[in-house]
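Please keep the sequence and the 3D view side by side while you read, and look for each named part before moving on to the next sentence.

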Amino acid sequence: MNSQAYTDISRLRAQFGDRLTIFGHHYMSSEVIRHADFAGDSLELSRKVPGLTSDYIVFCGVSFMAESAAILASSRQKVFIPDTAASCVMSDMAPHVPVQTVLERLRAGGRKIIPLAYVNTSAAVKAICGRFGGSVCTSANASTMLSWALKQGDGVLFLPDRNLAMNTANALGMAEDQRMILDIRGEARELDQASLSRVQLFIWPGLCVIHHRFKTQQIVRARAKSPGALVVVHPECSPEVVAAADASGSTSFIIDYVRKAPTGATIYIGTECNLVERLAGQYKGDKTILALVESACVNMAKITEPKLAKLLFDIDAGRANEVTVPPDVAAPARDALTRMLEVCCR
């Protein structure tokens, strides 16, 4: 704990008053999350942005989250992130140029393929979704948004997370022969349009390195060690891990699952360790909360309490670097994000 940073942040927050809003993703450390006005997953935090009246929005998360906030914020609001180097490996697995090239090749045979991007993507990829009539999704609403996208055309390109795509397709009861994990080497130049005619779901082969670390053997060992224990995992885990667990869902789902579990329960969780540790502390003496295996996101860890304090000093001094998205990218990306928010409010 950095007592000076805590004191500085508290003083500056009081000074800014309602001109400042701090967002914190659930994967932030407890030292950072305690300063957040709103803590949540990507969907919860995205929903908050359009209703904010504050001048400054500080997003404690990774870069694509701050970009989304900047896209949804009003023109008078400024969005900041404590460390611009806090990127996302999964997002980097789907650069916008090859994404558009592959999408155009999938559509070359005349089929209307709708792009659906997980929020863990760049603003440029979200803009492609907006331009081609698609949208975005989160782990909390992936089933809703995939169902929506399938009704908009002849098929869907889901990117970048193959695990979330497969788990969502399983949840919707989609047949195996209706989906395909794409080979994007050479930007899918070898696609055979005739053989793809029956495929409804084209899956980009990306993944989350944090959730890729969870394996079915770990679930077997956890149950052997703690008979009767419950296991809940994030849907960015492999389909095999999701099938072996008792439940799977977004970070908000996991929080609610733990809350609803009976007193005395032992619960193993397969997601980023900051959330697991916070839940373990919250329910200490009531329920036993354990990590299926320790798995930390190095990019989320780049957002620290001292960096948050420095950012607030810089905002106050007028020297902070604002998160911006070019207008020609922001407009179609906003269309994609807005479609998600509208579909999920129905």
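What follows goes through one helix and then turns to a single residue elsewhere.

The model shown here is a predicted one, and a good place to begin is helix α1, which covers residues 3-16. At 1.5 Å a residue, its 14 residues should span 20 Å, and because the C-alpha atoms at its ends are indeed 20 Å apart, the expected and the computed lengths agree.

Which residues of α1 are buried? They are A5, D8, I9, L12 and F16, where buried means that under 20% of the relative area is accessible. Seen down the axis of α1, these buried residues fall within an arc of 100°, so they line one face of the helix. A general rule helps to picture this: an α-helix has 3.6 residues a turn, so residues three or four places apart point the same way. The buried residues of α1 pack against the strands β1 (20-25) and β3 (56-60), and also against the helix α14 (305-317). On the other side of α1, by contrast, S3 and A14 are exposed. After α1 comes G17, which has a positive phi, near 60°.

Now turn to S143, which has its place in helix α8, residues 142-150. Is S143 buried, partly exposed or exposed? Its relative accessibility is 29%, and since partly exposed covers the range between under 20% and over 50%, S143 counts as partly exposed. If residues up to four places away in sequence are not counted, S143 touches T168, A171 and L172. Of these contacts, T168 lies 25 residues from S143 in sequence, while their C-alpha atoms are 5.6 Å apart in space.

Terms used:
Residues are numbered from 1 along each chain as its sequence is written. This is a predicted model: local features need pLDDT of at least 70, side-chain atom pairs count only at pLDDT 80 or more; totals for chains, interfaces and linings use all residues. Side-chain values use heavy atoms; hydrogens and water are left out. Helices (H or I, at least four residues) and strands (E, at least two) are DSSP runs, numbered from the N terminus. The expected span of a helix is 1.5 Å times one less than its number of residues. Buried means under 20% relative accessible area, exposed over 50%, partly exposed in between (1.4 Å probe, protein chains only). The arc is that of the directions from the helix axis to the C-beta atoms. Contact means heavy atoms within 4.5 Å.
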